[in-house]
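Biologist: I should be grateful for a close look at a single strand of this protein, with each term explained for a first-year student.

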Amino acid sequence: MSWLITGGAGYIGSHVVRAFRCAGLDVVVLDNLSTGYRDFVPTDVSFVEASVTDGDAVRATMDAHAVHGVVHLAALKYAGVSVQEPLRFYRENVLGMQVLLESVVDRGIDRLLLSSSASWYGTPAAEIVDEDEPPRPESPYGESKTISEWLLRDLARIRPELRQTSLRYFNVVGSGTPELADHSPHNLFPKVLRALTDGATPVVNGADYPTPDGSCVRDYVHVVDVADAHLAIAQRLDGGQRCAAVYNVGRGVGSSVFEILDSMRRITGIEFTPEIKARRPGDPARIVGRVERIGRDLDWHASAGLDEMVASAWSAWQHHLASTRGAS
Ligand SMILES: NC(=O)c1ccc[n+]([C@@H]2O[C@H](COP(=O)([O-])OP(=O)(O)OC[C@H]3O[C@@H](n4cnc5c(N)ncnc54)[C@H](O)[C@@H]3O)[C@@H](O)[C@H]2O)c1
């Protein structure tokens, strides 16, 4: 009996794979390596290179590995890119979800965790958003995650035996081990670290937001804490219990871009003055999650603080640089 982890060769998925394996759960990874890395998957973990849009490959993997539960992380994730390529995002994220659910039904699988996103909330009206806020996605990416939640909700209505939940992650950062760096060209942490190691000036987009220091505020959460949330849910589902339909996964604490940059200065020892540029369209001033529900139901609480997240990201970034320089 195995858990199928789609997208397990990606940044978050590879941490989920390690958390499950450390807890003794069998896993198989299905990933098309479009943004993931084969070497993020431990060599002794079964790996299938295929797309979730390929129902035959998904069902063959379920059969070959006696899959009894699915963690679905495989998706394209850059909101800005999704505005330029909406159809590709709908195919990978929405069609992928549909094909996966059809396979889940076909094979009688009764437990599923979906990677959703705080992009559900768009620009929230509330200071701290709870799971009952209505959806206000502001990009095809956010819409694809919203639709994925709806597909799961609608299926669960007619299949009460399916125990499932959607996890709305906030800003996932850091690394559990130096080999698993976030290489994203669009996320704040790798962007700043890349600038610092390239000798370039880190950029702050907008310092005139209605926040205490003028920069955007986000709810940053360590990827290891996020992976542990998946494990807590999988163990609960394996124990025959149910979860709420949706959980926010964050720290419930807002940090501004300037606070992140202060931490980066402390941790890297590199002094710098950021360049202030104009706001990016569609960036909300503040988005922070209310995390009481997941704390109450699963006794899960993010444990890592800001400096710990930055320090782990910095050591993974240095490892990434050393390995790419060694390879060239
Ligand atoms: N990183 C964040 O802060 C964040 C925040 C909210 C939600 N999420 C969600 O978490 C999930 C994982 O994100 P990540 O940061 O690890 O991104 P990532 O790009 O590192 O990982 C995604 C993985 O899915 C694979 N993949 C993509 N499309 C696929 C397909 N059609 N079939 C099979 N594999 C496919 C990629 O190759 C990659 O390994 C995504 O669903 C993303 O939307 C991430």
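Modeller: The following account describes one strand and then its setting in the chain. The model is predicted: local features need pLDDT of at least 70, side-chain atom pairs count only at pLDDT 80 or more, and totals for chains, interfaces and linings use all residues. Residues are numbered from 1 along each chain as its sequence is written.

The strand is S2, residues 27-31. Helices (H or I, at least four residues) and strands (E, at least two) are DSSP runs, numbered from the N terminus. Five of the five residues of S2 are buried, so the strand is largely enclosed by the rest of the structure. A residue is buried if 20 or more other C-beta atoms lie within 10 Å of its own, exposed if 12 or fewer, and partly exposed in between, with C-beta atoms placed from the backbone. In a regular strand the side chains alternate between the two faces of the sheet. In S2 both faces are covered: Val27, Val29 and Asp31 are buried on one side, and Val28 and Leu30 on the other.

S2 also has pairing partners; two strands pair if DSSP finds at least two bridges between them. Strand S1 (residues 2-6) runs parallel to S2 and is joined to it by four bridges, with Val28 as the bridge partner of Leu4. Four bridges also link S2 in the parallel sense to strand S3 (residues 46-49), where Ser46 stands opposite Val28.

As for the setting, the protein chain contains ten helices and 14 strands. Buried residues make up 46% of its 328 residues.
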